[in-house]
Amino acid sequence: MYLRDFKKATLQFIEEHEPSSLVLTKDKDIQDKINAVINNKMFDIMKYKKIEAKEVMEVSENQEIELSDIDSKCYQIKKIKGVEYEPDGKYITFLEDGTASIYYYKYPKTINDETEDDKYKFELDDEALEVMKIGVAAALLKMDISNRFGQIWEDEYQRLLQTLDSRKTAGIITIGEGVDV
């Protein structure tokens with residue numbers, strides 16, 4: 001989903017969408033805050049629905065790298081295949097020459113006031129974006145003290161965060177012939 005589509009869906013949800021406006025709403029307060037609010041909620045959601053990535057590197061024995069050498073957005077290693085290695089905080093030392101397939105988690109691309117709505121594509125999955133929409137709506141509506149919907153949607157957002165499934169795959173067990181369980 002692109003940023004423009006997400007904004008449109010969120011603004012429709014809170015009944016602030018203006019189809020004829022290039023910025024999607026006539027509410028100047030929302031226009032000024034929406035990108036920052038979306039970025040904040042996206043970094044909140046990615047703690048529950050991690051963004052997975054993979055990098056393949058040719059490495060040599062005793063080579064030490066930092067997480068940022070893999071990807072500037074890398075913050076946690078999931079696993080490394082192909083070579084023996086030793087992790088130590090933000091450093092990884094390879095214990096042999098070879099090809100390392102590095103599976104890791106990364107931060108999303110930041111959204112700011114210069115981010116182009118039609119070019120920014122979210123890296124989060126649809127389930128996470130649906131929950132995030134509620135969080136963004138809550139944050140935007142909480143700014144309007146004359147309306148109680150901000151707190152109502154914040155409570156719903158917190159509830160939905162707890163239902164997010166962080167697994168990308170489920171384990172598979174195969175039982176062969178002649179095995180007595």
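Reader: How far apart, N to O, are glutamate 123 and lysine 106 where their side chains meet in a salt bridge?

Author: Good place to start! This is a predicted model, where local features need pLDDT of at least 70, side-chain atom pairs count only at pLDDT 80 or more, and totals for chains, interfaces and linings use all residues. Residues are numbered from 1 along each chain as its sequence is written, and side-chain values use heavy atoms, with hydrogens and water left out. A salt bridge here is a side-chain nitrogen of Lys or Arg within 4 Å of a carboxyl oxygen of Asp or Glu; for glutamate 123 and lysine 106 the N to O value is 2.7 Å.

Reader: How many residues apart in sequence are the parts that glutamate 123 and lysine 106 tie together?

Author: Helices (H or I, at least four residues) and strands (E, at least two) are DSSP runs, numbered from the N terminus. Glutamate 123 lies in the loop between β6 and α4, while lysine 106 is in strand β6, so the parts they tie together are separated in sequence by 17 residues.

Reader: Is lysine 106 buried or exposed?

Author: Buried means under 20% relative accessible area, exposed over 50%, and partly exposed in between (1.4 Å probe, protein chains only). Glutamate 123, at 29%, is partly exposed. Lysine 106 has 17% relative accessibility, so it counts as buried.

Reader: Which residue forms a salt bridge with lysine 49?

Author: Lysine 49 is itself buried, at 5% relative accessible area. Its closest N and O atoms in the pair are 3.2 Å apart, and the partner is aspartate 125.
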